[in-house]
Amino acid sequence: MNNELAWMLAALLGLIFGSFLNVVIYRLPRMVLRDPAQAEAPSLSLSFPRSHCPHCGHTLSAWELVPVLSFIYLRGQCRQCHTPISWAYPLTELLNAAVWVLCVLHFGPTPQGWSAAVYGSALLALARIDLQTTLLPDAITLPLLWAGLAATSLGWTDTSLSDAVWGAILGYALFWLLDRVYLKLRGQHGLGGGDAKLLAALLAWLGWQALVSVLLLASLSALLVVLVQWLRGRLQPQAQIPFGPYLALAGWVSMMYNPLPWL
């Protein structure tokens, strides 16, 4: 497969997969937070019910689900009730397509390139979910961890299986220990269990050697965003700041570019 065909295929698959990510980002948190005692509530899964407008319930036809193009054709609003559609939907599709193209350009149209694209998509979904709900669902973090170990065992990453296993162990153990210490000192949790599982998943792909660079990049990016919010007067006292998006960004950058090679 030549490079031009490869990146075009990557862009197409990235758009399609990005459309599916929108479903995951919208529905998975609601599935996690769903009260099992409410038996009378309609069932919800990633495949049921069919995609529909959350405002008027209009069921979307196939041509209304074409990534990006449907949003443009519908002028960013529901065909039935004309309620505006969030720009987050086409932006997620475009960003995911960019992730897939960059992975294929960087690693080539190889198993490593395609697996890196899936890794990037999972991080994008986790980042958006955590920003919106402060959740990092096990339904994504745990498969991402096992996928990292599987990809490493198949030679689809740049690390060894031993380094990946120890990375997952150290990543989870470090955040678990920090949370225990914070809980002991302050009487409340400082880090969620999802953060520990996400760090473990990242290091299953990157190896334990990336621990310092991932934490440093994530912490610096989080600090920068918090500082900007504080300067603009938008930081609420006792606000809960999700760390998942910054971990996801650091994990993505570390896989693609190894920004701190001296660590």
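A nonpolar core, in the sense used on this tour, is a set of buried Ala, Val, Leu, Ile, Met, Phe, Trp, Tyr and Cys residues joined through side-chain atoms within 4.5 Å. The model in the viewer is a predicted one, and the tour begins with its overall form before turning to that core and then to the loops.

Start with the whole chain in cartoon view, where the protein shows 9 helices and 0 strands, so that, by the DSSP runs on which these elements rest, the pattern read along the sequence is α-α-α-α-α-α-α-α-α. The C-alpha atoms fill a box of roughly 55 × 55 × 40 Å along the principal axes. The radius of gyration is 20 Å, which agrees with the value near 18 Å that a compact globule of 263 residues would have.

Next, switch on the surface, whose accessible area comes to about 14,800 Å², with 66% of it belonging to carbon and sulfur atoms. If the charged side chains are then selected, 13 positive and 11 negative ones appear, and the centres of the two sets lie 10 Å apart.

Now hide the surface and select the buried residues, which make up 41% of the 263 residues in the protein. The largest nonpolar core has 56 residues, and those with the most contacts inside it are Leu144 and Leu247. Colouring by element shows which helices give two or more residues to this core, namely α1 (3-33), α3 (88-107), α4 (111-133), α5 (138-153), α6 (161-186), α7 (193-206), α8 (211-231) and α9 (244-257).

Centre the view on Leu144 and leave aside its neighbours within four places in sequence: Leu144 is then in contact with Tyr119, Ala122, Leu123, Leu126, Leu198, Ala201 and Trp205. For the protein overall, among contacts between residues at least 6 apart in sequence, 65% join residues at least 24 apart.

Move on to the loop between α1 and α2 (69-73), where Pro49 is found, and select Phe48 with it, since a cis peptide bond with omega of about -5° joins Phe48 and Pro49. Most peptide bonds are trans, and most residues other than glycine have a negative phi.

The last stop is the loop between α2 and α3, in which Arg75 is found and in which His82 also lies. Arg75 has a positive phi near 55°, and its relative accessible area of 74% makes it exposed. His82 likewise has a positive phi, of about 65°, although it is not a glycine, and at 48% relative accessibility His82 counts as partly exposed.

Conventions: Residues are numbered from 1 along each chain as its sequence is written. This is a predicted model: local features need pLDDT of at least 70, side-chain atom pairs count only at pLDDT 80 or more; totals for chains, interfaces and linings use all residues. Side-chain values use heavy atoms; hydrogens and water are left out. Buried means under 20% relative accessible area, exposed over 50%, partly exposed in between (1.4 Å probe, protein chains only). Helices (H or I, at least four residues) and strands (E, at least two) are DSSP runs, numbered from the N terminus. Contact means heavy atoms within 4.5 Å. The radius of gyration is taken over C-alpha atoms; the globule rule is 2.2 Å times the number of residues to the power 0.38. Accessible areas come from the Shrake-Rupley method with a 1.4 Å probe; for residues, only the protein chains shown count as cover. Lys and Arg count as positive and Asp and Glu as negative; His and the chain ends are not counted. The place of a charge is taken as NZ of Lys, CZ of Arg, CG of Asp or CD of Glu.
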